[in-house]
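User: I'm new to reading protein models and keep tripping over the labels. Can we go through some of them one by one?

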Amino acid sequence: MTEPRVRPDPAFALLGLYETALPEVYGYLLSRCGDRTLAEELTSETFLGAVAACRKEYAPPVSTGWLIGVARHKLADHWRRKEREERGLRLVHDSEPDVEDPWDEQLDALRARQVLESLGPHHRAALSLRYVDGLGVPEVAGHLGRSVHATEALLVRARAAFRRAYEEKEGRDA
């Protein structure tokens, strides 16, 4: 009688990749959220999510790029959660006019990062996914769980808020 073979845990594929992928995933998250503690938490969530995904029947091939994609989803989930919390706390919703803002001036990178970090999570998420990660509007909409039309409107408001905060900071720094 032959003994049944024990299948190795498919998540072991992550072990070989862990040491090289960890700094990449953490660096990706830290550069987008600017908060070490949050980046560490999201990195942990990314690897836990990756382990769960590897154990599914039709698991994707494990790679650093795939892990960065998982991290992007974890970050977008975080921003969505944070926006829902803040929306629940706001009593009055401030609306911005939906106009195109063709701002073509040169931006100071450090000031732009500081301004981006000062924006609300919904604006920061939309602008980061669109302009830092280079995703198209439909992809941004998918990550944020919004319609394309709602995402376009959000991007218009986010660009206006960014520009207003950037110019305000520029005036204080001058």
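User: Why is Glu167 called partly exposed?

Analyst: Glu167 has a relative accessible area of 36%. Buried means under 20% and exposed means over 50%, with partly exposed in between, so Glu167 gets the middle label. Keep in mind that this is a predicted model, and the numbers are computed from it.

User: What makes Arg163 and Glu167 a salt bridge?

Analyst: The closest N and O atoms of Arg163 and Glu167 are 3.1 Å apart. The cut-off is 4 Å between a side-chain nitrogen of Lys or Arg and a carboxyl oxygen of Asp or Glu, so the pair qualifies. Both residues sit in helix 7 (residues 148–173), four residues apart, which is about one turn of the helix. Arg163 counts as partly exposed too, at 22% relative accessibility.

User: How do you know that Asp77 and Arg80 form a salt bridge, and where are they?

Analyst: Here the N to O distance is 2.2 Å, and the limit is 4 Å, so the label fits. Asp77 and Arg80 are three residues apart in helix 3 (residues 64–89), or about one helical turn. Asp77 is partly exposed at 27%, and Arg80 is partly exposed at 22%.

User: What does the salt bridge between Asp133 and Arg32 tie together?

Analyst: Their side chains meet at 2.6 Å, N to O. Asp133 lies in the loop between helix 5 (121–132) and helix 6 (137–144), while Arg32 is in helix 1 (residues 12–33), so the pair links parts that are 101 residues apart in sequence. As background, side chains of opposite charge can pair when their charged atoms come close.

User: Why are Asp133 and Arg32 called buried?

Analyst: Buried means under 20%. Asp133 is at 16% and Arg32 is at 17%, so each gets that label.

User: Which residues are in the network of salt bridges, and how many bridges does a search of the whole structure find?

Analyst: The network links Arg32, Arg72 and Asp133. The search finds four salt bridges.

User: How do you know that the buried residues of helix 4 line one face?

Analyst: Helix 4 (residues 109–118) has Arg111, Ala112, Val115 and Leu116 as its buried residues. Looking down the helix axis, they fall within an arc of 135°, so they line one face. On the other side of helix 4, Ala109, Leu110 and Ser118 are exposed.

User: What makes Cys33 and Cys54 buried, and how many disulfides are there?

Analyst: Cys33 has 10% relative accessibility and Cys54 has 3%. Buried means under 20%, so both values fit the label. As for disulfides, the structure holds zero.

User: What pattern does the protein chain follow along the sequence?

Analyst: The pattern reads α-α-α-α-α-α-α. That goes with a count of seven helices and zero strands. Of the chain's 174 residues, 36% count as buried.

User: Where is the pLDDT below 50?

Analyst: First, the overall picture: the protein chain averages a pLDDT of 81, and 81% of the residues score at least 70. The pLDDT is below 50 over residues 101–105, a stretch with eight contacts in the model beyond near neighbours in sequence. Where pLDDT is low, the predicted coordinates should not be read in detail.

Conventions
Residues are numbered from 1 along each chain as its sequence is written. This is a predicted model: local features need pLDDT of at least 70, side-chain atom pairs count only at pLDDT 80 or more; totals for chains, interfaces and linings use all residues. Side-chain values use heavy atoms; hydrogens and water are left out. Helices (H or I, at least four residues) and strands (E, at least two) are DSSP runs, numbered from the N terminus. Buried means under 20% relative accessible area, exposed over 50%, partly exposed in between (1.4 Å probe, protein chains only). The arc is that of the directions from the helix axis to the C-beta atoms. A disulfide is a pair of cysteine sulfur atoms within 2.5 Å. pLDDT is the predictor's confidence in each residue, from 0 to 100. Contact means heavy atoms within 4.5 Å.
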